[in-house]
Amino acid sequence: MSLKRKAADVATAEVKKPKANASITSFFGPPKTSPSSVAKDNNPSKPSTEPAVPIAFDKGKWLSTLSDEQKALLQLEIHTLDESWLSVLKDEITSKEFLNLKRFLQSEVEAGHKVFPPSADVYSWSRHTPLPTVKAVILGQDPYHNHNQAHGLCFSVRPPTPAPPSLKNMYTALRKDYPTFQPPPNNSGLLTPWADNGVLLLNTCLTVRAHMANSHANKGWERFTQKVIDTVAAKRTRGVVFLAWGTPAQKRTAGINGSKHLVLKSVHPSPLSAHRGFLDCGHFKKANEWLKERYGDDGVIDWNLNVSPEKAGV
């Protein structure tokens with residue numbers, strides 16, 4: 001099976017890179033992107049592995065049911081969460097637990113802490129990979145916590161930040177599955193082509209305080225992202241591939257129906273564990289073999305990352 005499909009399959013748009021989120025307005029207010037720029041993320045040309053089903057969701061009507069406090073706390077979700085996801089997560093984000101999470105994040109900003117990723121990127125996974133397009137799910141843990149790293153897709157970093165060690169090990173494993181695979185030029189770690197091709201790149205926590213790993217763990221994100229995983233399992237009825245690398249990711253996928261979906265398990269690609277089986281796990285090829293059986297050639301994932309910056313959404 002060829003690694004490369006047509007480069008034109010790669011969707012081209014990403015939300016405009018935001019300015020540093022130095023204030024509460026920048027983190028919780030609408031991002032500095034126009035509605036049309038957000039809509040470009042929902043590229044109708046992106047491949048879907050099953051027929052699109054119209055979403056019976058009246059966003060305006062739903063907004064009218066929110067209290068003023070809910071509207072204030074949920075500005076980021078209202079304006080940047082792709083509507084295909086908002087329609088199925090609307091009850092979760094108005095739950096007591098999620099609103100408490102948003103209050104915690106508000107207190108972080110009010111205390112002067114920088115939060116990563118930039119506000120408009122927190123839900124970029126939802127815009128690059130709308131629910132009807134999900135073919136596979138790769139689960140990460142905590143966002144990268146240094147400047148110009150996290151942008152809402154697990155394991156991915158924006159140029160010119162070089163690919164982190166775990167991602168380099170993913171490249172190594174990919175090359176073993178597909179010898180023609182070449183890492184992106186300039187040691188890049190940008191994974192938007194995967195996301196645009198149906199790979200949901202989801203972290204367990206969606207935010208982190210700058211330079212403090214796991215600082216937003218156990219604040220509420222875990223419940224929300226588990227809901228995202230469960231939604232994929234419930235809504236993508238013809239089946240998707242879950243790539244669960246490491247014990248935390250495997251716990252997240254413990255309830256997945258193995259007769260409907262494929263769950264591929266391995267140690268984490270971190271240099272601390274990759275040598276214990278990840279490098280030879282064969283997951284990238286196994287995922288495509290399973291998807292081809294389910295959906296035919298149009299269902300397989302193009303793992304190629306050697307595309308132009310414009311096509312990669314830079």
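**Pro 117 and its loop**

I began with Pro 117, which sits in the loop between β1 (115-116) and α8 (124-128). This is a predicted model, and I read every value below as computed. I checked the peptide bond that joins Phe 116 and Pro 117. I found it cis, with omega about -5 degrees.

**A second cis bond**

I then went to Pro 159 and Pro 160. A cis peptide bond joins this pair too, and here omega is about 5 degrees. I placed Pro 160 in the loop between β2 (136-139) and α9 (165-177).

**Asn 186**

I looked at backbone phi next. Asn 186 is not a glycine, yet I noted a positive phi of about 60 degrees for it. I located Asn 186 in the loop between α9 and α10 (192-196).

**The cavity**

Rolling a probe the size of a water molecule over the atoms shows where empty space is left. I asked how many cavities of 30 Å³ or more the structure holds. I found one. I noted a volume of about 80 Å³ for the largest cavity. I went through its lining and met Pro 117 again, along with Val 122, Trp 125, Pro 143, Tyr 144, Ala 150, His 151, Gly 152, Leu 153, Asn 203 and Leu 206. I sorted this lining by class: eight residues are nonpolar, three are polar and none is charged.

**The pocket**

I turned to the largest pocket, which has about 450 Å³ of space. I counted 20 residues in its lining. Which of them lie nearest the centre of the pocket? I wrote down Asp 142, Pro 143, Tyr 144, Ser 166 and His 268. Pro 143 and Tyr 144 were already on my list for the cavity lining. By class, I have eight nonpolar, eleven polar and one charged residues around the pocket.

**Helices α6 and α11**

Two packed helices are described by the angle between their axes and the distance between the axes. I looked up both for α6 (residues 83-93) and α11 (residues 221-235): the angle is about 135 degrees, and the axes are 11 Å apart. Angles over 145 degrees count as roughly antiparallel and 65 to 115 as roughly perpendicular. I therefore entered α6 and α11 as oblique to each other. I noted their crossing as right-handed.

I listed the contact residues next. From α6 I have Trp 85, Val 88, Leu 89, Glu 92 and Ile 93. From α11 I have Arg 223, Phe 224, Lys 227, Val 228, Thr 231, Val 232 and Lys 235. I classed the residues of this contact as seven nonpolar, one polar and four charged.

How values were computed. Residues numbered from 1 in each chain as written. Predicted model: local features only at pLDDT ≥ 70, side-chain atom pairs only at ≥ 80, totals over all residues. Heavy atoms only, no water. Axes fitted to C-alpha atoms, helices over the stretch in contact; angles between N-to-C directions. Helix = DSSP H or I, 4+ residues; strand = E, 2+ residues; numbered from the N terminus. Parallel < 35°, antiparallel > 145°, perpendicular 65-115°, else oblique. Left-handed = near helix turned anticlockwise from the far one by under 90°. Contact = heavy atoms within 4.5 Å. Nonpolar A, V, L, I, M, F, W, Y, C, P; charged D, E, K, R; others polar. 1 Å grid on protein atoms, 1.4 Å probe; cavity = no way out; pocket = protein on both sides within 12 Å on 5 of 7 lines; lining within 4 Å. Points joined across faces, edges and corners; volume = space filled by probe spheres on them.
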